[in-house]
Amino acid sequence: MEKREVYLITGITGQIGGLLARELMRSDEYLRGEIDVIGLVRDVSRLDADILTMGKDSFSWVEGDCRTAKEACGEALNRSRAQKKYIIHCAAPTASAYMVLRPVETADSIVLGTWNMLELAKDYKVDGMVYLSSMEVYGQVADLGRLRREEELGNIPLETSRSCYPMAKRMAEFYCHSYYQEYGVPVKTARLAQTFGKGVLAGDNRVYMQFAKAVMEKRDIVLRTKGLSMGNYCASEDVVNAIYTILKRGKDGEVYNVTNETNTMTIREMAGLVALVVAKGEIGVRTEVEDGSGTGYAPDTNLRMSSEKLRKLGWKPTKKLVEMYVDVIHEISAFQQGKRPSQS
């Protein structure tokens, strides 16, 4: 008989954390009472009603900040009857404008939050942990066209406040590897491409959401940069499956890129695809370049991520960009019709 499992998910009110929880709650094991889910949230009022409904008696939460909630999370893990304990650390600031205005708080939240969760994993001897990192840790890379493996990092400029996010994510990855080396903590890192599709949040204002809203409102897509930066994208459902694959099959201490290589293209190319295919040619693409210093735009990059290492674990992506946009538009419609809460 399989041992009972408990999953602590930080950032459970976010897109990926919420999808991870829902995926677990739909599983046969969860329905049979063999899995517990614990969510770490800063504000319980932000918990989606469907998670509370799906969760029933096998779901609980801890209200607090990942930088300070170690003991409360440990007590919640101990209250579970599970023999196997897992942590999936998703919590992090994601709004670029916030990063520019609050670089210290952004870096602290990422680095100290990850450190605290690693301390939790060490002290409570968890059976596995995944840290969610970002493709932004690569920084600026010069080569165009070559796929980048996990160890091939580029330059991150120290003089710009926007660097707080990639630098902090890179440091958090270092902590993960160091906790594995020094303490044997079974942690892996999932380095995510930009993720969207099902589960997007109404308050998200990233490029893909702006493009999707332009389609729905039948207005031209307006690029605020030249759109030359290379984008790496992966459907949210594929990312969720990748995270569980890394948790159960990945090698401790290692980093795995999570991306759908067939979706890699420049922002301008994606805008053209959305206008032509998703909007069926009913809208166009215009460029109105503005100063990005106060908007939080990440520097242009030629990054093309390789997913070879993850695919060797048996994972493969299923959705391309057009399907991802169809999912986003469906989610926005659900917000507008009141079928999903519109919290950010």
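This is a walk through the inside of one protein structure, from its cores to its open and closed spaces. Please keep in mind that the model is predicted.

Let's begin with the largest nonpolar core, which has 36 residues. L20, V37, I88, I243 and V258 are the members that touch the most others in it. At least two residues of this core come from each of strand 1 (5-10), helix 1 (15-25), strand 2 (35-41), strand 4 (84-89), strand 5 (128-134), strand 6 (187-192), helix 9 (236-249) and strand 11 (255-258). Helix 9 provides the largest share, seven residues. To see how one member fits in, find L20: leaving aside residues up to four places away in sequence, L20 touches I9, I88, C90, V240, I243 and Y244. Another core, of 32 residues, lies apart from this one, and I38, A76, A91 and V185 are among its members. As a background thought, nonpolar side chains in soluble globular proteins tend to be buried together.

Helix 1 deserves a visit of its own. Ten of its eleven residues are buried, so helix 1 is largely enclosed by the rest of the structure. The buried ones are Q15, I16, G17, G18, L19, L20, A21, R22, L24 and M25.

Helix 10 (residues 267-278) offers another view of burial. Its buried residues are I267, M270, A271, V274, A275 and V278. They cover an arc of only 135 degrees around the axis, which means that they sit on the same side of helix 10. A general rule helps here: an α-helix has 3.6 residues a turn, so residues three or four places apart point the same way. What lies over the buried residues of helix 10? The cover includes helix 8 (207-216), strand 8 (221-223), strand 10 (233-235), strand 12 (265-266), strand 13 (285-287) and helix 12 (321-336). Just after helix 10 comes K280, with a positive phi of about 55 degrees.

Now for the spaces. The second largest pocket holds about 430 Å³ of space. It is lined by 18 residues, and E5, Y7, L24, E29 and K248 are the closest to its centre. Strand 1, helix 1 and helix 9 are the elements that give two or more residues to this lining, and helix 9 gives the most, with five residues. Which classes of residue make up the lining of the second largest pocket? There are nine charged, five nonpolar and four polar residues.

The structure also holds two cavities of 30 Å³ or more. The second largest cavity has a volume of about 30 Å³, and its lining is formed by E173, C176, H177, V187, K188, T189, G253, E254 and V255. Helix 7 (164-183) and strand 6 are the elements that contribute two or more residues to this lining. By class, the lining of the second largest cavity has three nonpolar, three polar and three charged residues.

Our last stop is L153, found in the loop between strand 5 and helix 7. Is L153 buried or partly exposed? Its relative accessibility is 34%, and because buried means under 20% and exposed over 50%, L153 counts as partly exposed. Not counting residues up to four places away in sequence, L153 touches V137, Y138, R148, R170 and R191. L153 and S134 are 19 residues apart along the chain, and their C-alpha atoms are separated by 12 Å.

Terms used
Residues are numbered from 1 along each chain as its sequence is written. This is a predicted model: local features need pLDDT of at least 70, side-chain atom pairs count only at pLDDT 80 or more; totals for chains, interfaces and linings use all residues. Side-chain values use heavy atoms; hydrogens and water are left out. Buried means under 20% relative accessible area, exposed over 50%, partly exposed in between (1.4 Å probe, protein chains only). Helices (H or I, at least four residues) and strands (E, at least two) are DSSP runs, numbered from the N terminus. The arc is that of the directions from the helix axis to the C-beta atoms. Contact means heavy atoms within 4.5 Å. A nonpolar core is a set of buried Ala, Val, Leu, Ile, Met, Phe, Trp, Tyr and Cys residues joined through side-chain atoms within 4.5 Å. On a 1 Å grid over the protein atoms alone, a cavity is a set of points where a 1.4 Å probe fits but cannot get out, and a pocket is an open set with protein on both sides within 12 Å along at least five of seven lines; lining residues have an atom within 4 Å of a point. Grid points are joined across faces, edges and corners, and a volume is the space filled by probe spheres set on the points. Ala, Val, Leu, Ile, Met, Phe, Trp, Tyr, Cys and Pro count as nonpolar, Asp, Glu, Lys and Arg as charged, and the others, Gly among them, as polar.
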